[in-house]
Structures are given as C-alpha cells and as structure tokens.
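This report works through a single protein chain, from its overall layout to the packing of individual side chains. Please keep the sequence and the coordinates at hand while reading.

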Amino acid sequence: MSFRGYANGARTPDILAAMRSTPRPSVIRNGLPPSSFRDNGASPRTPGTGSRPPSRAGAATPNEGGKPLHEYGPPNPRDPLDVEIARIANSLPHCLLIERIDPPLRGAPKEGEEIRAQYAFAGPLARKVVACKLTTLARPAAKGVTKKVMCRVGGGWQDLHLYVMSRQT
C-alpha cells in the first residue's frame with residue numbers, strides 16, 4: 001500500500017467527503033487560473049509602474065546626485081593621510097560625518113614613513129572610531145606612487161573606499 005493509502009486510511013469517511021467537496025483555490029476552473037494569476041491587462045506587471053510606491057523608496061543613499069552629504073575638509077592640508085582621506089571621501093556618495101580624533105601632524109612626514117591616525121565615522125545611527133593608515137606602493141611598471149588608505153576593521157585591514165560604502169545604512 002502506498003503512503004497516500006495509509007494517509008487516507010487514517011481519516012474518517014466524512015472528513016474525506018468534505019475534502020473532496022470543498023473547492024480549492026489553486027485548482028484551475030473553466031480553463032482559467034486563479035484571479036491572482038490572471039493578466040487582465042488593466043495593470044502592468046512591471047515593478048514601479050503601478051499605483052503604489054515601491055516599499056523601499058527611501059532605502060537608497062540620501063543624496064541622489066552622487067556627491068557626499070557632508071564634505072570632509074582636511075584639517076591639515078600638509079598631512080598626506082588627511083588629504084588622501086578627503087579625496088576618497090569626497091569622491092563617494094555617502095552620508096557619513098568624518099572627523100579626525102588624533103591631533104594633526106606637526107611637521108611633514110619623512111619619505112617612506114608610515115602615517116597612522118584615528119578617525120571617527122558618524123552615521124545616522126552610530127559613531128565608530130577607526131584606525132587608518134596611509135600605504136604607498138612604488139611600482140617600477142606603474143607611473144609614480146600609488147597611495148591607499150587602509151582602515152582597521154575587525155582583525156584585518158580594509159580599503160577606505162570599501163569601508164565607507166559598507167557603512168551606509
């Protein structure tokens with residue numbers, strides 16, 4: 001005997017009769033699918049063109065022009081880390097308020113010296129203090145020196161560009 005035979009045998013005959021006589025909404029009647037699946041032509045099936053607004057209307061970044069909501073002006077224009085953070089942060093659309101926690105450099109850094117400082121990234125919900133460092137990569141094949149700002153996240157380092165984009169809420 002199959003599983004269906006065992007399952008039907010456990011039920012009483014009046015329950016089986018009631019189940020057979022009760023119409024099910026998923027059964028196709030008169031060759032037509034249920035009304036929720038029919039295409040009446042009255043409303044298009046593409047999202048965003050109906051009468052209701054999308055459910056995540058405000059989920060995008062708050063600034064639609066591609067510019068940051070808060071511009072970061074470096075407190076010390078002679079500090080290469082501040083200048084690089086300002087260049088990266090002002091080139092991305094974000095709503096973070098960035099401020100330097102550590103005091104600015106007193107003098108110009110030496111060639112090849114690692115520059116580190118702590119910065120606060122304040123969003124609409126929370127403020128996070130992150131250690132940042134400037135790394136310079138000198139490649140013989142590339143023209144000039146490549147500069148990257150890395151942020152201490154968890155147990156490793158993450159590029160500032162990726163960190164700012166992941167902090168969007």
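## Report on the predicted chain

At 56% relative accessibility, Pro124 counts as exposed, and the place of this residue is in the loop between E2 and E3. The C-alpha atom of Pro124 is separated by 9.0 Å from that of Gln168, which is 44 residues away along the chain. A second exposed position is Glu71, with a relative accessible area of 54%, and this residue lies in the loop between helix H2 (13–21) and H3. Between the C-alpha atoms of Glu71 and Leu97, which are 26 residues apart along the chain, the separation is 8.1 Å.

The model is predicted, and the confidence of the prediction varies along the chain. The mean pLDDT of the chain is 74, with 57% of its residues reaching 70 or more. Confidence is lowest in helix H1 (residues 3–9), where the mean is 60, and highest in strand E5 (residues 156–159), where it is 94. Where pLDDT is low, the predicted coordinates should not be read in detail.

The secondary structure comes to 4 helices and 5 strands, and the elements run α-α-α-β-β-β-β-β-α from the N terminus on. Of the 169 residues in the chain, 22% are buried. Among the contacts with a separation of 6 or more, 44% are accounted for by residues 24 or more positions apart.

Turning to the interior, the largest nonpolar core has 21 residues, and those with the most contacts inside it are Leu81, Ile85, Tyr119, Phe121, Cys132, Val149 and Leu160. Helix H3 (80–91), E2, strand E3 (127–138), strand E4 (145–153) and H4 each supply at least two residues of this core, and H3 gives the most, with 5 residues. In soluble globular proteins, nonpolar side chains tend to be buried together.

Val149, one of the core residues named above, touches Leu81, Glu84, Ile85, Ile88, Cys132, Lys133, Leu134, Gln158, Asp159 and Leu160, when residues up to four places away in sequence are not counted. One of these partners, Glu84, lies in helix H3 and counts as buried at 8% relative accessibility, because the cut-off for buried is under 20%. With residues up to four places away in sequence again left out, Glu84 touches Leu134, Lys147 and Val149.

The relative accessible areas given for individual residues are collected here.

| Residue | Relative accessible area | Class |
|---|---|---|
| Cys132 | 1% | buried |
| Glu84 | 8% | buried |
| Cys95 | 10% | buried |
| Glu71 | 54% | exposed |
| Pro124 | 56% | exposed |

Two of the residues in the table are cysteines, which raises the matter of sulfur pairing: how many disulfides does the structure hold? The structure holds 0 disulfides. Cys132 is in no disulfide, and the nearest cysteine sulfur, that of Cys151, is 3.6 Å away; a disulfide would need the two sulfur atoms within 2.5 Å, so this distance does not qualify.

For the aromatic rings, the count comes to 1 aromatic pair. The rings of Phe121 and Tyr163 have their centres 5.2 Å apart and their planes at 70°, so the pair is edge-to-face, given that angles over 60 degrees are assigned to that class. The pair links distant parts of the chain, with Phe121 in strand E2 (residues 115–122) and Tyr163 in helix H4 (residues 160–166), 42 residues apart. Both Phe121 and Tyr163 are buried, and Phe121 is also among the residues with the most contacts inside the largest nonpolar core.

A further ring takes part in an arrangement with a charge: the charged end of Lys133 sits over the ring of Trp157, 4.4 Å from its centre. Lys133 is also one of the residues that Val149 touches.

Key: Residues are numbered from 1 along each chain as its sequence is written. This is a predicted model: local features need pLDDT of at least 70, side-chain atom pairs count only at pLDDT 80 or more; totals for chains, interfaces and linings use all residues. Side-chain values use heavy atoms; hydrogens and water are left out. Rings of Phe, Tyr and Trp (its six-membered ring) pair if their centres lie within 6.5 Å; planes under 30 degrees apart count as stacked, over 60 as edge-to-face and the rest as tilted. Buried means under 20% relative accessible area, exposed over 50%, partly exposed in between (1.4 Å probe, protein chains only). A charge sits over a ring if NZ of Lys or CZ of Arg is within 6 Å of the ring centre and within 35 degrees of the ring normal. A nonpolar core is a set of buried Ala, Val, Leu, Ile, Met, Phe, Trp, Tyr and Cys residues joined through side-chain atoms within 4.5 Å. Contact means heavy atoms within 4.5 Å. pLDDT is the predictor's confidence in each residue, from 0 to 100.
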